[in-house]
Amino acid sequence: MRAAIRTGLLGTTIAFTKDQPHPLPDTAELKPNEILIKVKSAAINPVDYKLPRFIGGKGVGFDVSGVVERVCATTDFSVGDNVFGRVGISSGSLADYAIVSTDRVAKKPEWLSFDEAAAIGVAYLTGVHAFKLGSVKEGSSVLVIGASGGCGLAGIQLAVAMKANVVGICSGKNFDFVRGESGIDQMENINLELVDYTDDKAMSEFKEKNVGKFDCIYDTATGSGHGENYVSSMAKLLKDVTGEYVQINGGIATLMRYFTGTMKPQQNFFFTSDEDNQTDLVEITRLLKSTG
Ligand SMILES: NC(=O)c1ccc[n+]([C@@H]2O[C@H](COP(=O)([O-])OP(=O)(O)OC[C@H]3O[C@@H](n4cnc5c(N)ncnc54)[C@H](OP(=O)(O)O)[C@@H]3O)[C@@H](O)[C@H]2O)c1
């Protein structure tokens, strides 16, 4: 079958091949809670090129949508169901077929195309997990840093759908993309403001005017290789005591604190969990549907 695989000496080169073995030969059995899907669409994220083969395995890609081709003995899924979600590490969604654990996928609603559904996995699950850590709810004030990226845009759409008051930071050249092409400007009663990080004056004014304002700052930009570290300059924009700063990248110091359980109060870091994604995938589609 066709599949993208990690190759090369360090396992960091990605090659598109046409001769990979089928993940489930005819005589093989699926493990409990596994289904085989024929991939209709797959999406990629920075994690796919960041992971070397010794961590990420041979197969490339997490995000997927497709049609169930075979099922294990006990599952609510049936052959022919349309599904979406994220495959496990090393399975690889950039392939003709993928085996996936049933708790990592959900049934695809009719109103989502296979392409749209395949774009949800990593970025939207990360957003949902971030907003759980940030205790975001209706009326919360949320700042999303890196608003035009995959995770940032998902964060903006989810926060708007949760009826939060949302501010996004991205480059001004992407304002139209964030508002227009993402479909946000077609949502009703949206409360979204965008700030251009390339405009020093606009950023200074924003920081001065919004001290102590936010319930949650979702930072998708710090530590992702763009050079800017927002953590210290933006922390003062959090509400005292109750505000939560949630970052999904960080330097050595942040990682050390995360792995030793010594994160500072109101500071959060996490890796998106792949446990029970099904519940969150269903919640994501509910939120996206609610915005029309
Ligand atoms: N911890 C986890 O579990 C987890 C999960 C998912 C992703 N991640 C990581 O999170 C990062 C973001 O992922 P992604 O998929 O959203 O990446 P992406 O689609 O490449 O987006 C990155 C965004 O960062 C913005 N940006 C660049 N420089 C900036 C700056 N100085 N200030 C504000 N924004 C800036 C860019 O916006 P402009 O073009 O407008 O400048 C771009 O849209 C990646 O490093 C990824 O590996 C971590």
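Me: What makes the pair formed by a backbone N or O atom of Ile 248 and a nitrogen atom of the ligand a polar contact?

Reply: In this predicted model, the two atoms lie 2.9 Å apart. A polar contact requires a pair of N or O atoms within 3.5 Å, so the pair at Ile 248 qualifies.

Me: Why does Tyr 197 also count as making a polar contact with the ligand?

Reply: An N or O atom in the side chain of Tyr 197 is 2.4 Å from an oxygen atom of the ligand. The limit is 3.5 Å, so this pair counts as well.

Me: How much of the ligand does the protein bury?

Reply: Taken alone, the ligand exposes 930 Å², of which the protein buries 84%.

Me: Which elements give two or more residues to the shell around the ligand?

Reply: They are helix H1 (46-50), helix H4 (121-133) and helix H5 (150-161). The residues of the shell divide into 10 nonpolar, 12 polar and three charged.

Me: How do you know that strands S4 and S5 pair?

Reply: Pairing requires at least two bridges. Five bridges join S4 (residues 63-71) to S5 (residues 82-86), so the two strands are paired, and they run antiparallel. Ser 65 stands opposite Phe 84 in S5.

Me: Why are strands S6 and S7 said to stand at the edges of the sheet?

Reply: The open sheet of five strands has the order S6-S3-S4-S5-S7. S6 (97-101) and S7 (105-107) each have a single partner strand, so one side of each is left without a neighbour in the sheet. On average, neighbouring strands of this sheet are turned by 45° against each other, direction ignored.

Definitions and conventions: Residues numbered from 1 in each chain as written. Predicted model: local features only at pLDDT ≥ 70, side-chain atom pairs only at ≥ 80, totals over all residues. Heavy atoms only, no water. Polar contact = N/O pair within 3.5 Å; in protein donor to acceptor, adjacent residues only side chain to side chain. Areas by Shrake-Rupley, 256 points an atom, 1.4 Å probe, with all protein chains shown as cover. Helix = DSSP H or I, 4+ residues; strand = E, 2+ residues; numbered from the N terminus. Nonpolar A, V, L, I, M, F, W, Y, C, P; charged D, E, K, R; others polar. Axes fitted to C-alpha atoms, helices over the stretch in contact; angles between N-to-C directions.
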